[in-house]
Amino acid sequence: MISIICPIYNEEKCIAQCLDSIIRQDYPHDQMEVLMVDGMSTDRTREIVQDYAEKYPFIFLLDNPKQIVPIGLNIAIRIAKGEVIIRMDAHASYPDNYFSALVEKLYALNADNVGGLCRTLPAKETPVCEAIAAALSSPFGMGDSHFRIGTNKEMQVDTVPFGCFRREVFDRIGYFDEELVRNQDDEFNGRIIKYGGRIYLIPSVVIDYYARDTIGKVSTMFYQYGLFKPLVSKKLGNPTTARQFFPFFFVLGLIVGLPLSFIHPIFCIVYISVILLYLFLAAYFSVKQFKNLKRIFLLMATFVIIHASYGWGYLRGLVKLMFNRSITAESNH
């Protein structure tokens, strides 16, 4: 028995596609339950899910009045009947063997959590959306996040998208941290590893994920990722990855380096050299991806926005922790 849990809010554009990919699964329908946890949507999301629930008795609509993702996840986990919990996202579509392949690997590898690769697709066929999708799949944009940039081999990793968990892991180490509006998956996966568990990336399983459709939404998302990352590290007692520091040091260097560059020529040379190196790398990876000049510049700009947003969020998160100020209060639920 498996329980699929999916937090949703105002997803009328993509919820049907997500539910259709669940219904097409080769896993027996009588051995699954689908718990769609809605943050009180104001569009047609609830109506669409209810229509599916009337046709398919294994689909259920739950309420999440506090509208916070980890709270919604925990609402579903507490009532889930499955021996395996699969966390899904409405912005994605899944291969027909998604459940069966992950459940098989979960037990074959004696893992606590397994997940597939995330193939990021543009939300629309526009230059901006294509640049966003490219940035979220690039090693320059995402570092060594293997589920985003790809790999050919099964491997132990620090996190996977969404996740297929043994139910017992929640009983052993607790549920998702409800203080974390963002990064709750990273913290939970970090907790799995901290307590001796294992997480595997399965490259034969590929999820199609539809990226945000505007630069503004991407900027907000990565700002919040950065904002909550110091809190995640504090809760775990150590940083989850080394890659999280690069945008922070980049932004800190831009801020501190500017006044220093007026103090001594050597600081000015270093400051300008770092900026030029960054722009060269951004241009190199952009030219590798696109041949059209407009898309090249859009991708370069997207790299800058992602890194600056994450780094600035990380810096603000550190400051808030130092002064014991609430991070959650600033976030956009």
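Is Gln67 buried, partly exposed or exposed? Select Gln67 to begin, keeping in mind that the model in your viewer is a predicted one. With a relative accessible area of 32%, Gln67 is partly exposed, and you will find it in the loop between strand E3 (59–63) and H3. Most residues other than glycine have a negative phi. Gln67, however, has a positive phi, near 65°.

**Two further residues with positive phi**

Select Phe162 next, in the loop between strand E7 (155–156) and strand E8 (164–166), where phi is again positive for a residue other than glycine, this time near 70°. Phe162 has a relative accessible area of 11% and is buried, because buried means under 20%. Then move to helix H4, which covers residues 98–108, and look just after its end for Asn110, whose phi is positive and near 50°. Within H4 itself, colour Tyr98, Phe99, Ala101, Leu102, Val103 and Leu106, which are buried. As you turn the helix in the viewer, it helps to know that an α-helix has 3.6 residues a turn, so residues three or four places apart point the same way.

**From Pro28 to Arg78**

While H4 is still on screen, add Ser100 and Pro28 to the selection: their C-alpha atoms are 9.2 Å apart in space, although the two residues are 72 apart in sequence. Pro28 sits in the loop between helix H1 (15–23) and strand E2 (32–38), and its relative accessible area of 34% makes it partly exposed.

Now select Arg78, which belongs to helix H3 (residues 69–79). If neighbours within four places in sequence are left aside, Arg78 is in contact with Tyr175 and Glu178, so show those two side chains as well, taking contact to mean heavy atoms within 4.5 Å. A C-alpha to C-alpha line drawn from Arg78 to Gly163 spans 17 Å, between residues that are 85 apart in sequence.

**Helices H9 and H10**

Which residues of H9 and H10 make the contact between these helices? Select helix H9 (residues 184–194) together with helix H10 (residues 215–236), whose axes come within 10 Å and cross at roughly 25°. This angle makes H9 roughly parallel to H10, because angles under 35 degrees count as roughly parallel. The crossing in which H9 passes H10 is right-handed. On the H9 side the contact is made by Asp186, Glu187, Gly190, Arg191 and Lys194, and on the H10 side by Lys229, Val232, Lys235 and Leu236. If you colour these residues by class, you will see six charged, two nonpolar and one polar.

**Helices H12 and H13**

Two packed helices are described by the angle between their axes and the distance between the axes. Select helix H12 (residues 265–289) and H13, which pack with their axes 9 Å apart and at an angle of about 130°. H12 and H13 are therefore oblique to each other, and their crossing is right-handed. From H12, the residues to display are Tyr278, Leu279, Ala282, Ala283, Phe285, Ser286, Val287 and Gln289, and these meet Ile296, Leu299, Met300, Phe303, Val304 and His307 in H13. The contact of H12 with H13 holds 11 nonpolar residues and three polar ones, with no charged residues.

**Aromatic rings**

For the last part of the tour, show the side chains of the aromatic residues, among which there are 24 aromatic pairs. Zoom in on Tyr56 and Phe58, whose ring centres are 5.9 Å apart and whose planes stand at 55°, so the pair is tilted. The two partners can also be described by their accessibility: Tyr56 is partly exposed, with a relative accessible area of 27%, whereas Phe58 is buried, with a value of 8%.

Continue to Phe248 and Tyr314, where the ring centres lie 5.1 Å apart and the planes are at 40°, so this pair is tilted. The pair links distant parts of the chain, since Phe248 is in helix H11 (residues 245–260) and Tyr314 is in helix H13 (residues 293–322), 66 residues apart. Both Phe248 and Tyr314 are buried.

Finish by selecting Phe140, Phe250, Tyr278, Tyr284, Phe285 and Phe303, which ring pairs link into a cluster. Some of these names will be familiar, including Tyr278 and Phe285 of H12 and Phe303 of H13, which take part in the contact between those helices.

Methods:
Residues are numbered from 1 along each chain as its sequence is written. This is a predicted model: local features need pLDDT of at least 70, side-chain atom pairs count only at pLDDT 80 or more; totals for chains, interfaces and linings use all residues. Side-chain values use heavy atoms; hydrogens and water are left out. Axes are lines fitted to C-alpha atoms, for helices over the stretch in contact, and angles run from 0 to 180 degrees between N-to-C directions. Helices (H or I, at least four residues) and strands (E, at least two) are DSSP runs, numbered from the N terminus. Angles under 35 degrees count as roughly parallel, over 145 as roughly antiparallel, 65 to 115 as roughly perpendicular and the rest as oblique. A crossing is left-handed if the near helix is turned anticlockwise from the far one by less than a right angle, and right-handed if clockwise. Ala, Val, Leu, Ile, Met, Phe, Trp, Tyr, Cys and Pro count as nonpolar, Asp, Glu, Lys and Arg as charged, and the others, Gly among them, as polar. Rings of Phe, Tyr and Trp (its six-membered ring) pair if their centres lie within 6.5 Å; planes under 30 degrees apart count as stacked, over 60 as edge-to-face and the rest as tilted. Buried means under 20% relative accessible area, exposed over 50%, partly exposed in between (1.4 Å probe, protein chains only).
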